[in-house]
Amino acid sequence: MVARLVIAAPSSGAGKTTVATGLMAAFAGRGLAVSPHKVGPDYIDPGYHALATGRPGRNLDAYMCGTGLIAPLFAHGARGCDLAVVEGVMGLYDGAADQGELASTAQVAKLLKAPVVLVVDASSQSRSVAALVHGFASWDPEVRIGGVILNKVATDRHEHLLREALGESGVPVLGVLRRAPAVATPSRHLGLVPVAERQSAAVEAVAAQAEQVRAGCDLDALLALARSAPELHAEAWDPALAGRPAAGEPVVPTTPVLRAGCPQPRIAVAGGAAFTFSYAEHAELLTAAGAEVVTFDPLRDEALPEGTSGLVIGGGFPEMYGAELSANEPLRKAVAELARSGAPVAAECAGLLYLARSLDGTPMCGVLDADARMSSRLTLGYRDAVAVSDSPLAATGTRMRGHEFHRTVIEPGAGAAAAWGLRQPERRVEGFVQRGVHASYVHTHWAGAPEAAVRFVAHCERGPGAESGT
């Protein structure tokens with residue numbers, strides 16, 4: 001059993017990330033092995049969690065992975081740890097649009113049987129805080145709110161009024177945090193600035209968050225609350241087993257598998273400051289399927305890793321580094337040559353932009369006959385997708401769930417062979433499939449569709465020019 005807490009809030013902007021990251025760092029500073037988790041599809045917060053704990057930040061997304069995988073994925077990430085801290089998403093009861101509680105922090109807390117600590121922005125209230133906490137604590141009797149951390153408290157007098165009001169609520173106050181500019185993390189068009197772009201400043205911010213939490217929170221009471229969570233009966237997710245047929249299911253003859261004696265395919269995965277969006281499980285699944293995963297930085301490396309047989313370019317912020325990415329002409333040419341050879345290439349969001357002909361007028365790799373630009377419109381939300389073209393990632397008709405989050409547009413929005421057909425919020429096709437390239441705005445979580453990783457590795461093993469179909 002792993003002691004565990006879910007850090008939630010009534011709404012976005014209350015300070016969940018500051019408190020969760022500060023708690024992770026403070027408990028790690030006590031010598032505990034802390035497992036960091038984030039509810040939902042967020043890529044940026046887990047970077048700060050990893051900095052605080054020294055372990056990969058992992059996402060728990062009930063929409064993309066399914067409710068049945070939440071506890072197993074949690075157990076996988078928390079294996080061998082003393083404590084797990086799970087940062088929620090949005091407000092406690094907010095989830096996927098028009099899907100009830102699906103993918104909400106409350107649902108994940110129930111699936112993990114974990115007590116919830118509610119972070120309340122108390123900056124503009126006093127006695128009303130008791131009504132707010134009472135409402136959240138009583139809304140769903142299956143959600144156990146074990147305490148409150150009051151954030152942005154102004155003065156000792158303000159704290160007294162808040163504590164007095166909450167004394168009647170039955171929910172204990174486990175922490176009081178004053179306003180502290182040193183713990184703030186800068187934001188821009190898609191949320192917080194990633195750790196990889198701030199480096200030393202991010203280290204200082206996390207240290208300040210840990211110190212604020214140590215000074216303002218009852219760590220002993222919070223740890224006791226975490227240890228009060230009941231035993232969680234869940235077998236840990238295993239990437240080595242995830243892509244295999246379930247017991248009793250027939251093995252499909254066309255399921256891609258590595259042939260005995262064939263060389264291990266090397267898959268290059270884009271990283272660095274421009275491409276920070278990835279799920280830890282993706283690399284684990286690729287490795288379990290037989291690949292060697294090698295990270296490279298498109299901002300610095302002028303060549304792909306030697307022997308690259310497949311390429312994965314995830315999300316990030318190429319729009320912030322357009323000039324630098326364009327200036328690395330040797331790598332752009334290498335990527336274009338690999339794509340022209342028919343080698344498997346999986347590109348999501350930022351990867352899509354990098355493969356385009358241009359981004360805001362700046363030359364990119366030119367793999368796709370499309371041009372991208374920044375936009376004032378935010379595209380955000382879960383997507384129910386079906387593959388409309390065979391590719392190394394998915395066969396036609398494959399259903400997957402994903403997420404879009406960008407302020408760019410690409411024209412045209414789809415190639416002659418599109419990647420996905422989307423059913424919501426409106427019906428449309430998007431993305432590009434050509435030769436071995438699968439490029440799309442839609443982020444997917446392969447733990448929810450491990451066959452994508454198995455298929456991709458198999459196509460890498462077959463070599464350039466292999467047919468896309470299984």
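In this predicted model, strands β13 and β21 run parallel to each other and pair over four bridges. Within that pairing, Glu348 sits opposite Ser440 of β21. Strand β21 covers residues 437–440, and its side chains split into two sets: Val437 and Ala439 point one way, while His438 and Ser440 point the other way. That fits the usual pattern, since in a regular strand the side chains alternate between the two faces of the sheet. Here, whichever way they point, all four of these β21 residues are buried.

Strand β21 has another partner too. Strand β20 (residues 432–434) pairs with β21 in the antiparallel sense, over three bridges, and Phe432 is the residue found opposite Ala439. The two strands form a hairpin with two residues between them. One residue in the loop between β20 and β21 is Arg435, which has a positive phi of about 50° even though it is not a glycine. Arg435 counts as exposed, because its relative accessible area is 54% and the cut-off for exposed is over 50%. So the hairpin brings together an exposed loop residue, Arg435, and a strand, β21, whose residues Val437, His438, Ala439 and Ser440 are buried.

Back at β13, the chain leads straight to an annotated position. Cys349 lies in the loop between β13 (345–348) and α15 (350–355). The UniProt record, an unreviewed entry, places the feature "active site" at Cys349. How buried or exposed is Cys349? Its relative accessibility is 7%, and as anything under 20% counts as buried, Cys349 is a buried residue. Leaving aside residues up to four places away in sequence, Cys349 touches Phe405, His406, Ser440, Tyr441 and His443. Among these contacts, Ser440 is the β21 residue that stands opposite Glu348.

Strand β13 also turns up in the second largest pocket. About 770 Å³ of space lies in that pocket, and 37 residues line it. The lining residues that lie nearest its centre are Thr276, Phe277, Ser278, Tyr279 and Ala280. Several elements give two or more residues to this lining: helices α2 (45–53), α8 (195–198) and α12 (280–288), together with strands β10 (266–270), β11 (292–296), β12 (308–313) and β13. The largest share comes from α12, with four residues. What sort of residues make up the lining of the second largest pocket, by class? There are 23 nonpolar residues and 13 polar ones, plus one charged residue.

Another set of paired strands is built around β16 (residues 371–387). Strand β14 (residues 358–359) runs parallel to β16 and is joined to it by two bridges, with Ser358 opposite Asp371. Strands β16 and β17 are antiparallel and pair over 12 bridges; in that pairing, Tyr382 has His403 of β17 as its bridge partner. Strand β18 is also antiparallel to β16, over three bridges, and there Val386 is matched with Gly421. The loop between β17 (399–411) and β18 (420–422) holds Pro412. What is the form of the peptide bond from Glu411 to Pro412? The bond is cis, with omega near 0°.

Elsewhere, helix α7 (residues 156–166) contains His158. This histidine is buried, given its relative accessible area of 11%. Apart from residues up to four places away in sequence, His158 touches Ala122, Ser123, Gln125, Lys152 and Val153. One of those contacts, Lys152, is found in strand β6 (residues 145–153). Lys152 has a positive phi near 60° without being a glycine. With a relative accessible area of 28%, Lys152 counts as partly exposed.

Helix α5 (residues 105–112) is mostly covered, as six of its eight residues are buried. The buried ones are Thr105, Ala106, Gln107, Val108, Ala109 and Leu112. Just after α5 comes Lys113, with a positive phi of about 50°.

Definitions and conventions
Residues are numbered from 1 along each chain as its sequence is written. This is a predicted model: local features need pLDDT of at least 70, side-chain atom pairs count only at pLDDT 80 or more; totals for chains, interfaces and linings use all residues. Side-chain values use heavy atoms; hydrogens and water are left out. UniProt positions are given in the numbering used here, feature names are shortened, and annotations may be inferred rather than shown by experiment. Buried means under 20% relative accessible area, exposed over 50%, partly exposed in between (1.4 Å probe, protein chains only). Contact means heavy atoms within 4.5 Å. On a 1 Å grid over the protein atoms alone, a cavity is a set of points where a 1.4 Å probe fits but cannot get out, and a pocket is an open set with protein on both sides within 12 Å along at least five of seven lines; lining residues have an atom within 4 Å of a point. Grid points are joined across faces, edges and corners, and a volume is the space filled by probe spheres set on the points. Ala, Val, Leu, Ile, Met, Phe, Trp, Tyr, Cys and Pro count as nonpolar, Asp, Glu, Lys and Arg as charged, and the others, Gly among them, as polar. Two strands pair if DSSP finds at least two bridges between them.
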